[in-house]
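Student: I've got a model open and would like to talk through how its helices pack and where the empty spaces are. Can we take it step by step?

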Amino acid sequence: MQHSKMVTTLVGFFVFLGIGGLFFLAMQVSNLGSFDNTQGYLLQARFENIGGLKPRSPVTVSGVRIGRVSAIFYDTEAYQAVVEMRISSNYEHTLPEDTSASIYTSGLLGEQYIGLEPGGADAFLKDGDEVEFTQSALVLEEIIGKFLFSKADEVKPE
Amino acid sequence: MFHRLGEATLNSFEKLGRGSWFLWFTLRGVFEVAARPGLLGAQIYSVGVLTVMLITVSGLFVGMVLALQGYTILSDFGAEETLGVMVAASLVRELGPVVSALLFAGRAGSALTAEIGLMKATEQLSGMEMMAVDPVKRIVAPRFFAGVVSMPLLAAIFSTVGILGGHLVGVGMLGVDDGAFWSQMQATLDYRDDIFNGVVKSLVFGFVITWIAVFEGYDSLPTSEGVSRATTRTVVHSAFAVLVLDFLLTALMFGDF
């Protein structure tokens, strides 16, 4: 084989390209580069209704993503949804104890996320703590229903 | 009539059985291949490296077309910013593994079948057996493992080039915001659910295509007509297998059961 050296070089180049492509896909295209799922601390929050929230939905403060929803389950005793959030360890000891959590929708039809609003307490939330003040997701049908009922009430007294 | 139906059924089962035995003997050749990496390198060159150009150009154009088509639909809903998500998700999950597997079957699978079939027709394989060299280990196994190794790399190159092509058209020509293109993509695609599953898909496709290719070559009638038929069968059967397996794998990976 005369071209053996060139063949080896080209094979090396091919493998390099392929692994480079995989690396590009993992770091640039997916969420691997931005946030490590196993790091950080856990917080819990209870909601009456979580709407379309899903595991891995973003958790934000002032619009900046600081974590993700790690699990959602239903508490059969309290009849409430329990949302478990994993917050990046960069933001440990920064959220006051009276922080409130609400479920918002990004855009009119976009995905749902949890927005945290820091309160004014001196003590900070720790791993495993629960966010006390929560506001459920707005369900579009409920709002429309309320609006229609209020309109009907306006019309009734003749 | 029933006789012929029964014969066809038994023949296809027999072929499946022979194919499985053949796969087992090929897989046992892994130690031979590991002991002589030069053989594997030469085959990765002819199976993988020579396919890179085809994959790159096709990936570029597939990505560009996706961006063009996606833009016209998404702009109806005022959601041009999600173009990056659409291009990347469809490439990484489906088109990357599937289209590169179909191209791989046409470019490399047919070549493998023709090569091995001709070796059989010109009695090179029998000659090797006479010299106490096992042709399955010396000829078939390096080609098989080269195909299995090359396929995921080719699919990754295809998806990468496709996303860059989508970026070229979406951001460069149609004026989608560059930041939104990448950030929405990163927010939506998951490295385990999307990227890793895409790699698993292409590994399975590579395994099946090269298995079909080397087996059809080895099993072909040692005549020029036999080799040509075996080559056709390789391309047709691997295309079928890829499309059916893609459905099954998608149902397993992205379905809810």
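Tutor: Sure. One term to begin with: a crossing is left-handed if the near helix is turned anticlockwise from the far one by less than a right angle, and right-handed if clockwise. Keep in mind that this is a predicted model.

Student: Okay, then which hand does the crossing of α8(B) and α9(B) have?

Tutor: The two helices are residues 191-219 and residues 224-254 of chain B. Going by the clockwise or anticlockwise turn, α8(B) passes α9(B) in a crossing that is right-handed.

Student: And are α8(B) and α9(B) roughly parallel or roughly antiparallel?

Tutor: Their axes come within 9 Å and cross at roughly 155 degrees. Angles over 145 degrees count as roughly antiparallel. So α8(B) relative to α9(B) is roughly antiparallel.

Student: How many nonpolar residues does the contact of α8(B) with α9(B) have?

Tutor: Sort the contact by class. There are six charged and five polar residues, and the nonpolar ones number 14.

Student: On to the holes. Which helix of chain A helps line the largest cavity?

Tutor: This cavity holds about 70 Å³ of space. Its lining takes in residues of chain B, including B:V92, B:A155 and B:V199, but also A:L22 and A:L25. Chain B supplies at least two residues from each of α4, α6 and α8, and chain A does so from α1.

Student: How many charged residues are in the lining of the largest cavity?

Tutor: Nine of the lining residues are nonpolar, and B:P97 and B:I195 are among the lining residues. Another three are polar, and the count of charged ones is no residues at all: no charged.

Student: What about the second largest cavity: which helix gives the largest share of its lining?

Tutor: That cavity has about 30 Å³ of space. Both α2 and α6 of chain B supply at least two lining residues. The largest share is three residues, and it comes from α6(B).

Student: How many charged residues line that second largest cavity?

Tutor: Its lining includes B:E32, B:R36, B:K137 and B:R138. By class there are three nonpolar and no polar residues, with the charged ones numbering four.

Student: Last one: which helix contributes most to the lining of the second largest pocket?

Tutor: This pocket has a volume of about 380 Å³. Among its lining residues are B:N11, B:K15, B:W211 and B:F215, and α1 and α8 of chain B each supply at least two. The largest share, six residues, comes from α1(B).

Notes
Residues are numbered from 1 along each chain as its sequence is written. Chains are lettered from A and ligands numbered from 1 in the order in which they are written. This is a predicted model: local features need pLDDT of at least 70, side-chain atom pairs count only at pLDDT 80 or more; totals for chains, interfaces and linings use all residues. Side-chain values use heavy atoms; hydrogens and water are left out. Axes are lines fitted to C-alpha atoms, for helices over the stretch in contact, and angles run from 0 to 180 degrees between N-to-C directions. Helices (H or I, at least four residues) and strands (E, at least two) are DSSP runs, numbered from the N terminus. Angles under 35 degrees count as roughly parallel, over 145 as roughly antiparallel, 65 to 115 as roughly perpendicular and the rest as oblique. Ala, Val, Leu, Ile, Met, Phe, Trp, Tyr, Cys and Pro count as nonpolar, Asp, Glu, Lys and Arg as charged, and the others, Gly among them, as polar. On a 1 Å grid over the protein atoms alone, a cavity is a set of points where a 1.4 Å probe fits but cannot get out, and a pocket is an open set with protein on both sides within 12 Å along at least five of seven lines; lining residues have an atom within 4 Å of a point. Grid points are joined across faces, edges and corners, and a volume is the space filled by probe spheres set on the points.
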